[in-house]
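Open the model in your viewer and keep the sequence panel visible. This tour tells you what to select at each stop and what to look for there.

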Amino acid sequence: PDKHKRSNGSGRLTLLFLGLICDAKGIFDLLNVIEDGKNDFSDRIRLLVGGNGETERLKNYINNNGTNEIVEFLGWVNGEKKSAALNNSDVFVLPSYAEGLPISILEAMSYGKAIIATEVGGVPEIVRRNENGILVEPGNLGQIRQAILKLLDQKDLVSKYGSVSEKIVRKYLPDEVLKNLENIYKSLLQ
């Protein structure tokens, strides 16, 4: 991670989604939750969305549902732009319907982010319920909403979950993985 001090001082809880813009990644579920809760979320949260895929559908949804005060589409992000998005967010959200072990969540954890994600694939191995994040069922808009509200109402959990994320992710960082691979190779050669 290329960590820097946060550059926005809006006071709002900033959520971040990075991934393919499509139904399978749950981004439109997240947008529905925000649209339905506009009154509760206005001036309290901000959602940054980075990715590619159905970008026109995403932009149209934001404009047609009047959520442009809450949701900001960043386009495709990589390098410094991705680092800035991770540094300037509080919570990483991936409400996906199917995953293996998402690199995007590991990246967010390395930046010390609290996580809201679905309990699919390998996600429960890295996102531990009420330790470093909140796990929800795929497609369950009520649970996504409750997870956001919980972190809004208990902001101390955001930093607590973020600290735990940094500890959990250590064994997935390149230096640690390299050491493990070297040990495996050495044991095979003996």
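The stops below go from a strand to its neighbours, then to two helices, a pocket and two single residues.

This is a predicted model, in which local features need pLDDT of at least 70 and side-chain atom pairs count only at pLDDT 80 or more, while totals for chains, interfaces and linings use all residues. Residues are numbered from 1 along each chain as its sequence is written, and side-chain values use heavy atoms, with hydrogens and water left out.

**Stop 1: strand β5**

Select residues 114-118, which form strand β5. Helices (H or I, at least four residues) and strands (E, at least two) are DSSP runs, numbered from the N terminus. Is β5 enclosed or open? 5 of the 5 residues of β5 are buried, so the strand is largely enclosed by the rest of the structure. Buried means under 20% relative accessible area, exposed means over 50%, and partly exposed lies in between (1.4 Å probe, protein chains only). In a regular strand the side chains alternate between the two faces of the sheet. On one side of β5 look for A114, I116 and T118, and on the other for I115 and A117.

**Stop 2: the neighbours of β5**

Add residues 91-94, strand β4, which pairs with β5 in the parallel sense over 4 bridges. Two strands pair if DSSP finds at least two bridges between them. Colour V91 and A114, which stand opposite each other, then L94 and its bridge partner A117. From β4 the chain passes through helix α5 (residues 103-110) to β5, and this β-α-β crossover is right-handed: with the strands pointing away from the viewer, the path from the first strand over the helix to the second runs clockwise.

Now add strand β6 (residues 133-136), joined to β5 by 4 bridges and running parallel to it. Here G133 is the bridge partner of I115.

Go back to β4. Both of its faces are covered, with V91 and V93 buried on one side and F92 and L94 on the other. β4 also pairs with β1 in the parallel sense, over 2 bridges, and F92 stands opposite L16.

**Stop 3: helices α5 and α4**

Select α5, where 6 of 8 residues are buried. They are S104, I105, L106, A108, M109 and S110. Their cover includes β1, α4, β4, β5, α6 (123-126) and α8 (155-169). Just after the helix, G112 takes a positive phi of about 75°.

Next select helix α4 (residues 79-87), in which S83, A85, L86 and N87 are buried. Among the elements covering them are β2 (45-50), β3 (71-75) and α5.

**Stop 4: the largest pocket**

Which residues line the largest pocket? Select L18, G19, L20, G50, G51, N52, W76, V77, K82, S104 and E107. On a 1 Å grid over the protein atoms alone, a pocket is an open set of points with protein on both sides within 12 Å along at least five of seven lines, and lining residues have an atom within 4 Å of a point. The volume of this pocket is about 160 Å³.

**Stop 5: two single residues**

Select S96, in the loop between β4 and α5. S96 counts as buried because its relative accessibility is 0%. Leaving out residues up to four places away in sequence, S96 touches A24, K25, G26, T118, V120 and P138; contact means heavy atoms within 4.5 Å.

Finish at K179 in helix α9 (residues 174-189). K179 is partly exposed, with a relative accessible area of 46%. Draw a distance from its C-alpha atom to that of F41: the two are separated by 45 Å.

Note on methods
1 Å grid on protein atoms, 1.4 Å probe; cavity = no way out; pocket = protein on both sides within 12 Å on 5 of 7 lines; lining within 4 Å. Points joined across faces, edges and corners; volume = space filled by probe spheres on them.
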